[in-house]
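These are my notebook entries on a single protein model, kept in the order in which I looked things up. I start from one residue and work outwards.

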Amino acid sequence: MSEGLLLSTEALSWMSEVGNITVGLSEGLILQPAWDYLYQNHHDLLRSPLFPVVLSITTYFLLVGVYTVLDLLAPTWPCINRYRLHPQRPVTWDNVWITLAVTLYNHLLYVFPAAVSQWLWRPPTPLPRDAPTLWGFLLGILGCTVVFDFQYYVWHLLHHRVPWLYRTFHAVHHQYSQPFSLVTQYMSGWELFSVGFWVTVDPILLQCHCLTTWGFMVFNVYISTEDHCGYDFPWSTHHLVPFGLWGGTPKHDTHHQRPGTNFAPFFSHWDWLGGTNMTPTSSSTAATADPEDMKGKKN
């Protein structure tokens, strides 16, 4: 009897240990090996206040580089051109140089001084020894994206409804009625500062792990660039998110042609609630201006 009880106790103890290991694997250990590698081999780099800036800029220019290559190949590659929202309106070298020049100007005049100031005055980032759970990592990115989406929706709506704000700050972004990837940061310094401020502050407000913060920054750059890329690929985010909850490239393209619609950068619910939602149609994605000039509507 006592021997059987002892065996049962040992079995329960073993099952408990297996259960703890299973919970650990599902919650924390999935990201822990990668975090351990980063912590042990790149500790000083990750703690630097400059790291988030370098991460965001590098991600942006890598994505823009890929899309720009596609843009320049599209006119002679039908397999690429078929996915463009405006296949009859090619992106030219002039478009690339103009938007790239403004992007580099903004980075030199605004981003670089802000990064240096952050490096001088902000203390190094504290790195916790434990990685976030996978669930916490994904929920953190989702939470930051939802908060950012609301902030930019309000900002965007105000800058369209108040004529002085539009003329002074936001009009430059609308010089292109058919956006392509480099139009993502073809904007005023004030708009660039606003976007960068929210991307930096939102993970702090939600008390995210630094790995989650960096994941959100990369994801934000990715979906912002995708919104402006001018392509409707089968794997685009709006095809992956169900029930039309994600606006995506077609809706933001419609916003550039009909600036009184689709103000939310990512999700669709604020435009539904605000009565500003517009579903893209073949007419809303058709070219409406001189095909030799992608600069069109400025209203």
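**Entry 1: an aromatic residue and its partner**

I began with F233, which is buried at a relative accessible area of 8%, and I kept in mind that I was reading a predicted model. I then looked for a ring partner and found that F233 forms an aromatic pair with Y231, with 5.1 Å from centre to centre and 5° between the planes. I noted the pair as stacked because planes under 30 degrees apart fall in that class. For Y231 itself I looked up a relative accessible area of 0%, so this residue is buried.

**Entry 2: the other ring pairs**

How many aromatic pairs does a search of the whole structure find? The search returned 24 aromatic pairs, and I picked out the one between W35 and W214, whose ring centres are 6.2 Å apart and whose planes stand at 40°, so that I entered it as tilted. I then placed the two residues, W35 in helix α2 (residues 32-41) and W214 in helix α10, and concluded that the pair ties together parts that are 179 residues apart in sequence. Buried or exposed was my next query for W35 and for W214. W35 came out buried, with a relative accessible area of 0%, and W214 also counts as buried, with 8%.

I also followed the ring pairs that link up into a cluster, and wrote down F148, Y152, W155, W198, W246, F266 and F267 as its members.

**Entry 3: the overall layout**

I stepped back to the secondary structure, which comes to 13 helices and 0 strands. For the whole protein of 299 residues, I recorded that 44% count as buried. I then checked the contacts between residues at least 6 apart in sequence, and found that 75% of them join residues at least 24 apart.

**Entry 4: α7 against α8**

At what angle do helix α7 and helix α8 pack? I looked up about 105° for α7 (residues 134-161) and α8 (residues 163-170), with their axes 5 Å apart. The two helices are therefore roughly perpendicular to each other, since angles of 65 to 115 degrees are counted that way. On the α7 side I listed Y152, W155, H156, L158, H159, H160 and R161 as making the contact, and on the α8 side P163, L165, Y166, F169 and H170. Sorted by class, the residues of this contact are 7 nonpolar, 4 polar and 1 charged. I noticed that Y152 and W155 belong both to this contact and to the ring cluster of my second entry.

**Entry 5: α10 against α12**

I turned next to helix α10 (residues 210-228) and helix α12 (residues 248-257), whose axes come within 7 Å and cross at roughly 60°. That angle makes α10 oblique to α12, and I noted the crossing as right-handed. The contact is made by E226, D227 and H228 from α10, together with G248, T249, H252 and H256 from α12. By class I entered no nonpolar, 5 polar and 2 charged residues for this contact.

**Entry 6: three single residues**

E226 led me on to T237, since the C-alpha atoms of these two residues, 11 residues apart along the chain, are separated by 8.3 Å. T237 has its place in helix α11 (residues 237-240) and counts as buried at 10% relative accessibility. With neighbours within four places in sequence left aside, I found T237 in contact with Y222, I223, E226 and W246, and I recognised W246 as a member of the ring cluster.

Where is L206 found? I located L206 in the loop between α9 (189-205) and α10, and its relative accessible area of 40% makes it partly exposed. Not counting residues up to four places away in sequence, L206 touches G143, C144 and V147. I also took down the separation between the C-alpha atoms of L206 and I141, which is 9.9 Å for two residues 65 apart along the chain.

My last query was S48, which is found in the loop between α3 (43-47) and α4 (51-73). At 19% relative accessibility S48 counts as buried, because the cut-off for that class is under 20%. Leaving aside neighbours within four places in sequence, I recorded W119 and T125 as the residues in contact with S48.

Conventions: Residues are numbered from 1 along each chain as its sequence is written. This is a predicted model: local features need pLDDT of at least 70, side-chain atom pairs count only at pLDDT 80 or more; totals for chains, interfaces and linings use all residues. Side-chain values use heavy atoms; hydrogens and water are left out. Axes are lines fitted to C-alpha atoms, for helices over the stretch in contact, and angles run from 0 to 180 degrees between N-to-C directions. Helices (H or I, at least four residues) and strands (E, at least two) are DSSP runs, numbered from the N terminus. Angles under 35 degrees count as roughly parallel, over 145 as roughly antiparallel, 65 to 115 as roughly perpendicular and the rest as oblique. A crossing is left-handed if the near helix is turned anticlockwise from the far one by less than a right angle, and right-handed if clockwise. Contact means heavy atoms within 4.5 Å. Ala, Val, Leu, Ile, Met, Phe, Trp, Tyr, Cys and Pro count as nonpolar, Asp, Glu, Lys and Arg as charged, and the others, Gly among them, as polar. Rings of Phe, Tyr and Trp (its six-membered ring) pair if their centres lie within 6.5 Å; planes under 30 degrees apart count as stacked, over 60 as edge-to-face and the rest as tilted. Buried means under 20% relative accessible area, exposed over 50%, partly exposed in between (1.4 Å probe, protein chains only).
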